[in-house]
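Colleague: Could you take me through this model, one question at a time, and show how each answer is reached?

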Amino acid sequence: DFGLIGGIIVFLTLCVIPYSAVLLLKIGYRWTLALGITIQLGGYIGASFATTIGQLYVTQGLLIGISFGLIFGANSIVLPSWFLKKRALANGLSHIGVGLGDAVFAPSIDKLLQKTGNHKWAYRMLAIVSFVICSSMMFLIKVRVPKNSTIQNKQDKSIKQVFKHIFDYKVWKSLPLQLATLWACLIAFGYYICLFSLSNYATTLGYSQHQAMIVTVVLNLSQAVGRPLMGVFSELFGRVNFTMLATLY
């Protein structure tokens, strides 16, 4: 159940990203973010009142997955538009928060679980902190609109036309894209299996839940260092070259 709920979150996050692009064109950045943040808040608060595993599937799995797709999707589209050069480095730096955030949240949640004896306030803490951070970010981030942009024209189009523009079937015929997608799928298998099973594996070796949490923190701290370094090395050696070396490693 733990692995499947995590898998649903990842699945929905990636599936919703293209639709967040549609919303960006139709309703704009802040309204798209506001929708995602509201769903995220509802998901975490709802999970704090969950009494069955089925309720967790809906709140943490379904709602959080959709919210992550909207929030992450909108921002992943905004960032590259600001950078022509050093784009890999910019993306790498933006992902420091992935590792640091998990490294901060994991011990905080563990402490709350120990003090309260249940999951309720751990979820509520996640809800409050995430809401404050994401809401602040929503007002601070500026979307780049080039002088020769056709965004307004796209906003005036119907939903059907916007979908046709974003989901261009001709792109699917690209062999390099298909190979890159296959590579991404294989990499994701290794990454997410490790991410969702490492803590559980530590407990099967006889370590306590607290020690297993520390293992997860170390993994996430390493990501906070590794992800920006990926951007640095991608700029130095080339994105494809370094990707091949990193995958081999």
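Modeller: Before we start, a contact here means heavy atoms within 4.5 Å, and the model we are looking at is predicted.

Colleague: Which helices do the buried residues of H4 pack against?
Modeller: Helix H4 covers residues 87-94, and within H4 the residues Ala88, Ala90 and Gly92 are buried. Taking contacts by the cut-off just given, the partners of these buried residues are helix H5 (96-116), helix H10 (209-237) and helix H11 (239-248).

Colleague: Is serine 94 buried, partly exposed or exposed?
Modeller: Serine 94 has its place in helix H4, and its C-alpha atom is separated by 17 Å from that of leucine 33, which is 61 residues apart from it along the chain. Buried requires under 20% relative accessible area and exposed requires over 50%. The relative accessibility of serine 94 is 40%, so serine 94 counts as partly exposed.

Colleague: In which loop is lysine 86 found, and what is its phi?
Modeller: Lysine 86 is in the loop between helix H3 (53-78) and helix H4 (87-94). Most residues other than glycine have a negative phi. Lysine 86 is a residue other than glycine with a positive value, its phi being near 60°.

Colleague: How many helices and how many strands does the chain have?
Modeller: Reading along the sequence, one finds the pattern α-α-α-α-α-α-α-α-α-α-α. In numbers, the chain has 11 helices and 0 strands.

Colleague: How are H1 and H2 oriented to each other?
Modeller: Two packed helices are described by the angle between their axes and the distance between the axes. For helix H1 (residues 2-27) and helix H2 (residues 29-48), the axes come within 7 Å and cross at roughly 130°. An angle counts as roughly antiparallel over 145 degrees and as roughly perpendicular from 65 to 115, and H1 and H2 are therefore oblique.

Colleague: How many residues in the contact of H1 with H2 are nonpolar, polar and charged?
Modeller: From H1 come Ser20, Leu23, Leu24 and Ile27, which meet Tyr29, Trp31, Thr32 and Leu35 in H2. Divided by class, the residues of this contact are 6 nonpolar, 2 polar and no charged.

Colleague: Which residues does alanine 103 touch, not counting residues up to four places away in sequence?
Modeller: Alanine 103 lies in helix H5 and, because its relative accessibility is 9%, counts as buried. Its C-alpha atom is 8.8 Å in space from that of alanine 224, although the two are 121 residues apart in sequence. With sequence neighbours up to four places away set aside, the residues touched by alanine 103 are Val217, Asn220 and Leu221.

Colleague: Leaving aside neighbours within four places in sequence, which residues is tryptophan 121 in contact with?
Modeller: Tryptophan 121 belongs to helix H6 (residues 120-140), and at 48% relative accessibility it counts as partly exposed. The C-alpha atoms of tryptophan 121 and isoleucine 109 are separated by 8.7 Å, with their positions 12 residues apart along the chain counted as the separation. Once neighbours within four places are left aside, tryptophan 121 is in contact with Leu112 and Thr116.

Colleague: What separates the C-alpha atoms of tyrosine 192 and isoleucine 66?
Modeller: Tyrosine 192 is part of helix H9 (residues 175-204), and its 27% relative accessibility means that tyrosine 192 counts as partly exposed. Along the chain, tyrosine 192 and isoleucine 66 are 126 residues apart, and their C-alpha atoms are separated by 18 Å.

Colleague: What radius of gyration does the chain have?
Modeller: The C-alpha trace spans about 60 × 40 × 30 Å along its principal axes, and 28% of the 249 residues count as buried. For 249 residues, a compact globule would have a radius of gyration near 18 Å, which agrees with the value for the chain, 20 Å.

Colleague: Among contacts between residues at least 6 apart in sequence, what share joins residues at least 24 apart?
Modeller: This share is taken over contacts in the chain, and residues less than 6 apart in sequence are left out of it. The share that joins residues at least 24 apart is 78%.

Technical notes: Residues numbered from 1 in each chain as written. Predicted model: local features only at pLDDT ≥ 70, side-chain atom pairs only at ≥ 80, totals over all residues. Heavy atoms only, no water. Axes fitted to C-alpha atoms, helices over the stretch in contact; angles between N-to-C directions. Helix = DSSP H or I, 4+ residues; strand = E, 2+ residues; numbered from the N terminus. Parallel < 35°, antiparallel > 145°, perpendicular 65-115°, else oblique. Nonpolar A, V, L, I, M, F, W, Y, C, P; charged D, E, K, R; others polar. Rg over C-alpha atoms; globule rule 2.2 N^0.38 Å. Buried < 20%, exposed > 50% of the residue type's maximum accessible area, 1.4 Å probe, protein only.
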